[in-house]
Amino acid sequence: MMLNIPVGISDFAEIRQRGYYYIDKTALVRELLKTTGTKVTLITRPRRFGKTLGMSMLAHFFDIRRDSSRIFEGLDITSEKKLCKEWMNQYPTIFLTFKDIDGLNFLAARRMLQNRIADLYNEHSYLAKSDKVNDNDRKIFAELSDIVEGRPTEDLLKTSISTLMKMMAAYYDKSVIVILDEYDVPLAKANSHGYYEEMLDLMKTMMSMALKDNNNLEFAVVTGCLKISKESIFTGVNNFTTDTISNNRYNEFFGFTQNEVEELLKRVGHTEKLDIIRQWYDGYRFGNMDIYCPWDVLNYVMKLLAEGETKPGNFWEHTSDNAVIGEFLERTDFDVTEKFEMLLNGGYIKECVNENLTYDFLASSEENLWSLLYLTGYLTKTKEEELKAGDYLEERQTALKIPNAEVMDIFRKSVVEWFNKKSAKSDRRELFWAMWNGEEKLLTELLSDLLFDTISYHDYAESYYHAFIAGLVSNAGYIVESNYENGLGRADVVLKDRSKRRAIVIEVKIADAEDMMERECIDALNQIEEKQYARKIERDGFRTVIRYGIAFYRKECMVRRG
């Protein structure tokens, strides 16, 4: 069955009006209203888990300017007749997303924020014409709705949400519901580009004036990726509650549950893909519930409907900043090699997780970096039953693992990229001298030392060692052919120096034990001859072709020249 899959669409009304497939998350309204005494609720989830769509749904439900009965027709929340009568389209509502606020410098980012505020004000242009609104506020409204360069002042920008709340409350004679989406994106971008303090001052004041002791506030819902320390941005905000991926309250409303994925696959007639989708896109542990990444599931199903049989793809890596993994690996003040190897081979590590972070101190400690990987979805909480027998967690410790095959792929690519950059920056003159001069003993020593400093994965599979060798010899001015077709098969690595008409053929083997490395080297050299890997290169005019058989056992290496 063909379905309209809403990939990249985060407006609730558009999804409902155009007949896109919607997994019903409207029970979020009911859950949210259970504690109406809470003035501010902060919900944090990784990117691409449906926060913006969820907030759009809330805005359409509460906004007094709308009649949302048709777009909510048939959905879960409409069974709550009393609740809907009291709350649906009954309150002035501000919905503002910060997800696109970015800039290489503070002025550029502030300009983007200014434009977004101007759009918000122009959405409520009726306020400027109302005699219910204070004259001074009307003048401020005119400045904040003007997108002319240089206006408004930064001070007015800081008061923009609270001023709009005051005007809406006066107009409707009701307190205002405020929904702020991806509140921490401007701070994350500012931290990356070096203007964090300026953006923090702007956002902190804007939040404080809107949410702290504001009589015009009915309640607020704020979403983000990280729970920034309250002292940093939510200072003094009262009746403030948070729900992170460690909590249980809202875990089913952001991401897809097992039943929801099964129902989707049943609707499209591809229930046989459940195991693949589970392996690649499941595994996130929010509170006590396993959650699928909705962005990945929808992308995969859309591709499945368009192309039929299809392999799972890595859809998440292009939507998130994977630089945090590389930054982690490049640190020299702590060693994470063994922990990364444990994760890359499907195991778990035990770390103290700090959920109260600030962007300017994210990289200040190893604990903060592990916490960041956890809170942004690169790692997830290991189930208690998955812990090794007799293993236990100390106070504040969480057992962390890589959630699924997709994120494992991101980790492995990041490790390979890190190693290749590290190799390119290193002084490899001695390594290449030994390779071109047939110094097998020196090569054995050099490669063993380099191997010790790498991060292994695939449980020391041949592909890992192949990538290790290929990475070492790449970007050094030589032609490198990896698994290139030569002779009667494919040599693992071929290195060519056309200027001197010389080449190197390398065949890699894995030994089952350290005392078997010699035999594997001989087998590798025999394979080079039997498959004629070097003969074709010689026929192409290379005068010297050096053969190497290299055997590996864990982090030990042996090189033999043929």
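Reader: In which helix does T444 lie?
Author: This is a predicted model, in which local features need pLDDT of at least 70 and side-chain atom pairs count only at pLDDT 80 or more, while totals for chains, interfaces and linings use all residues. Residues are numbered from 1 along each chain as its sequence is written, and side-chain values use heavy atoms, leaving out hydrogens and water. Helices (H or I, at least four residues) and strands (E, at least two) are DSSP runs numbered from the N terminus. The helix that holds T444 covers residues 440-452 and is α20.

Reader: Does T444 count as buried or exposed?
Author: Buried means under 20% relative accessible area, exposed over 50%, and partly exposed in between (1.4 Å probe, protein chains only). The relative accessibility of T444 is 18%, so T444 counts as buried.

Reader: How far is the backbone oxygen of E440 from a polar atom of the T444 side chain?
Author: E440 and T444 are joined here through the backbone of one and the side chain of the other. The distance from the backbone oxygen of E440 to that polar atom of T444 is 2.9 Å.

Reader: Which residues does T444 contact, leaving aside neighbours within four places in sequence?
Author: Contact means heavy atoms within 4.5 Å. With neighbours within four places set aside, T444 is in contact with C557, M558, V559 and R560.

Reader: Five strands, β11, β14, β15, β16 and β17, form an open sheet; which strands are its edges?
Author: Strands pair if DSSP finds at least two bridges between them. The sheet runs in the order β11-β14-β15-β16-β17 with mixed pairing. β11 joins β14 (residues 493-497) in the antiparallel sense over four bridges, and V480 has L495 in β14 as its bridge partner. Pairing on one side only marks the edge strands, β11 (479-482) and β17 (556-561).

Reader: At about what angle to β16 does helix α22 run?
Author: Axes are lines fitted to C-alpha atoms, for helices over the stretch in contact, and angles run from 0 to 180 degrees between N-to-C directions. Another helix, α21 (residues 462-473), lies across β11, β14, β15 and β16 and runs at about 155 degrees to β15. Helix α22 (residues 517-530) lies across β15, β16 and β17, and its angle to β16 is about 145 degrees.

Reader: Why is one side of β2 and of β5 left without a neighbour in the sheet?
Author: These strands belong to an open sheet of five, ordered β2-β3-β4-β1-β5 with parallel pairing. β2 (93-97) and β5 (240-243) stand at its edges, so each has a single partner strand.

Reader: Which residue of β4 stands opposite T41?
Author: Strand β1 (residues 40-44) pairs with strand β4 (residues 217-224) in the parallel sense over five bridges. Within β4, the residue opposite T41 is V221.

Reader: How far apart are the axes of α12 and α14?
Author: L264, L265 and V268 in α12 meet V297, L298, V301 and L305 in α14. Helix α12 (residues 258-268) packs on helix α14 (residues 294-307) at an angle of about 10 degrees, with an axis separation of 11 Å.

Reader: What is the length of the polar contact between the side chains of K227 and N356?
Author: K227 is found in the loop between β4 and α11 (230-233), and at 19% relative accessibility it counts as buried. K227 and N356 are 129 residues apart along the chain, with their C-alpha atoms separated by 5.7 Å. A polar contact is a pair of N or O atoms within 3.5 Å; within protein, one must be able to donate a hydrogen and the other to accept it, and residues adjacent in sequence count only if both atoms are side-chain atoms. The side chains of K227 and N356 make one of 3.4 Å.
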